[in-house]
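The following exercises are to be worked with the sequence and the three-dimensional model at hand. Each task is followed by a solution in steps.

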Amino acid sequence: MASPLWTLFLVSLSLASVALAAVPRRPVDVPFGRNYVPSWAFDHIKYFNGGTEIQLHLDKYSGTGFQSKGSYLFGHFSMYIKMVPGDSAGTVTAFYLSSQTSEHDEIDFEFLGNRTGQPYILQTNVFTGGKGDREQRIYLWFDPTMAYHRYSVLWTVDQIVFFVDDVPIRVFKNCKDLGVKFPFNQPMKMYNSLWNADDWATRGGLEKTDWSKAPFIAHYKGFHIDGCEASVNAKFCDTQGKRWWDQPEFKDLDAAQWQRLRWVRQKYTIYNYCTDRVRYPQLPPECKRDRDI
Ligand SMILES: *[C@@H]1O[C@H](CO)[C@@H](O)[C@H](O)[C@H]1NC(C)=O
């Protein structure tokens, strides 16, 4: 396997870890209660190991969810999640940032369950100033129900990057100059939830939730948040000290990260609004900043 391509791949892997080493360590044992509170159906959340690990339960009566105590302007937001195993068709496990304002900004991860042995879909979306319609869908390169994986968002003034473990799966560049709104002044909270969406989630709604398999259980840990906490008035965001995501290396993906993103696009992408010419005969402006498209 010592082909030049293989070597190149290894070299880029090590380059990627050099770049990522600039990101502060993120402890995985931060308890739920330090940064989060339940949002709804409190009795459907179960706590383990002193609250360092939790489960969300979905049954035919209710799903459930939790949200960050603080609101944030920029930062790196991550969560370790182990998805609902077995027959998860109809369920959606979501991890997102949202400003919950009238013209809201939102950064979404949505994991669409499936029948036993069939692949999950990861759908992502970005809303800016209330406008979304920017869906992308991928398959994952592993079974997300077998182990914890880290899902994260890096939100800086220049870009929003979606990561699965350390692989960037999507980037949304700041294209203010092209007239595209970019989230910069509405603080967002982090939200996690598990609910029933069998009207659309699996094979477009054809596969219904099998309630005889309930409760459906998703696992969470790593309740650390690495964001700039803001008060209601965004101007009070604490900027003391240099925020690591303002460093030049986070202005853009590095070469190795672009290469990994290309790999995701080539091998795992099911849908990308930026290539949907039927829906968008005229390409949305931000897509022009999406390399390789
Ligand atoms: C579920 O499995 C089917 C069949 O393999 C596949 O077409 C579909 O994309 C999968 N995922 C979802 C969420 O529908």
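A polar contact is a pair of N or O atoms within 3.5 Å; within protein, one of the two must be able to donate a hydrogen and the other to accept it. The model examined here is a predicted one.

**Exercise 1. Side chain to backbone contacts**

Task: Determine which backbone atom lies 3.3 Å from a polar atom of the side chain of aspartate 87, and which backbone atom lies 2.8 Å from a polar atom of the side chain of threonine 64.

Solution.
1. Aspartate 87 is located in the loop between strand E5 (71-82) and strand E6 (91-98).
2. Its relative accessibility is 11%, and aspartate 87 therefore counts as buried.
3. The atom sought is the backbone nitrogen of alanine 89, 3.3 Å from a polar atom of the aspartate 87 side chain.
4. Threonine 64 belongs to strand E4 (residues 64-68) and is buried, with a relative accessible area of 0%.
5. For threonine 64, the atom sought is the backbone oxygen of tryptophan 40, at 2.8 Å from a polar atom of the side chain.

**Exercise 2. The surroundings of the ligand**

Task: State which residues surround the ligand, and how the residues of this shell divide into nonpolar, polar and charged.

Solution.
1. The ligand is surrounded by Leu112, Gly113, Asn114, Gln118, Pro119, Ile121, Tyr139, Ala201, Thr202 and Arg203.
2. This shell comprises 5 nonpolar residues, 4 polar residues and 1 charged residue.
3. Two side chains are then examined for N or O atoms: that of asparagine 114 has one 2.5 Å from an oxygen atom of the ligand, and that of glutamine 118 likewise has one 2.5 Å from a ligand oxygen atom.
4. Arginine 203 takes part through its backbone, an N or O atom of which lies 2.8 Å from an oxygen atom of the ligand.
5. As to area, the ligand taken alone exposes 360 Å², of which the protein buries 75%.

**Exercise 3. Aromatic pairs**

Task: Classify the pair of tyrosine 36 and phenylalanine 223 and the pair of phenylalanine 172 and phenylalanine 182 as stacked or edge-to-face.

Solution.
1. A pair of aromatic rings is described by the distance of the centres and the angle of the planes.
2. Planes under 30 degrees apart count as stacked, and planes over 60 degrees apart as edge-to-face.
3. The count of aromatic pairs comes to 25.
4. Tyrosine 36 and phenylalanine 223 have 5.9 Å between centres and 70 degrees between planes, and this pair is edge-to-face.
5. Tyrosine 36 lies in strand E1 (residues 36-40) and phenylalanine 223 in the loop between strand E14 (216-221) and strand E15 (225-230), so the pair ties together parts 187 residues apart in sequence.
6. Both partners are buried: tyrosine 36 has 1% relative accessibility, and phenylalanine 223 has a relative accessible area of 0%.
7. In the second pair, the ring centres of phenylalanine 172 and phenylalanine 182 are 6.1 Å apart and the planes are at 10 degrees; the pair is therefore stacked.
8. Phenylalanine 172 is in strand E12 (residues 167-173), whereas phenylalanine 182 is in the loop between E12 and strand E13 (189-196), 10 residues apart.
9. Phenylalanine 172 is buried at 2% relative accessibility, as is phenylalanine 182 with a relative accessible area of 6%.
10. Finally, ring pairs link Tyr36 and Phe223 with Phe32, Tyr47, Phe66 and Tyr220 into a cluster.

**Exercise 4. Backbone geometry**

Task: For asparagine 49 and aspartate 133, each with a positive phi, establish whether the residue is exposed or partly exposed; then state which residues a cis peptide bond joins.

Solution.
1. Asparagine 49 has a phi of about 45 degrees, a positive value, although it is not a glycine.
2. It is situated in the loop between strand E2 (45-48) and strand E3 (53-58).
3. At 56% relative accessibility, asparagine 49 counts as exposed, the cut-off being over 50%.
4. Aspartate 133, also not a glycine, has a positive phi of about 55 degrees and is placed in the loop between E8 and strand E9 (136-138).
5. With a relative accessible area of 42%, aspartate 133 is partly exposed.
6. The cis peptide bond joins alanine 214 and proline 215, with omega about 0 degrees; proline 215 is in the loop between E13 and E14.

Technical notes
Residues numbered from 1 in each chain as written. Predicted model: local features only at pLDDT ≥ 70, side-chain atom pairs only at ≥ 80, totals over all residues. Heavy atoms only, no water. Near = heavy atom within 4 Å. Areas by Shrake-Rupley, 256 points an atom, 1.4 Å probe, with all protein chains shown as cover. Nonpolar A, V, L, I, M, F, W, Y, C, P; charged D, E, K, R; others polar. Phe/Tyr/Trp six-rings, centres within 6.5 Å; stacked < 30°, edge-to-face > 60°. Helix = DSSP H or I, 4+ residues; strand = E, 2+ residues; numbered from the N terminus. Buried < 20%, exposed > 50% of the residue type's maximum accessible area, 1.4 Å probe, protein only.
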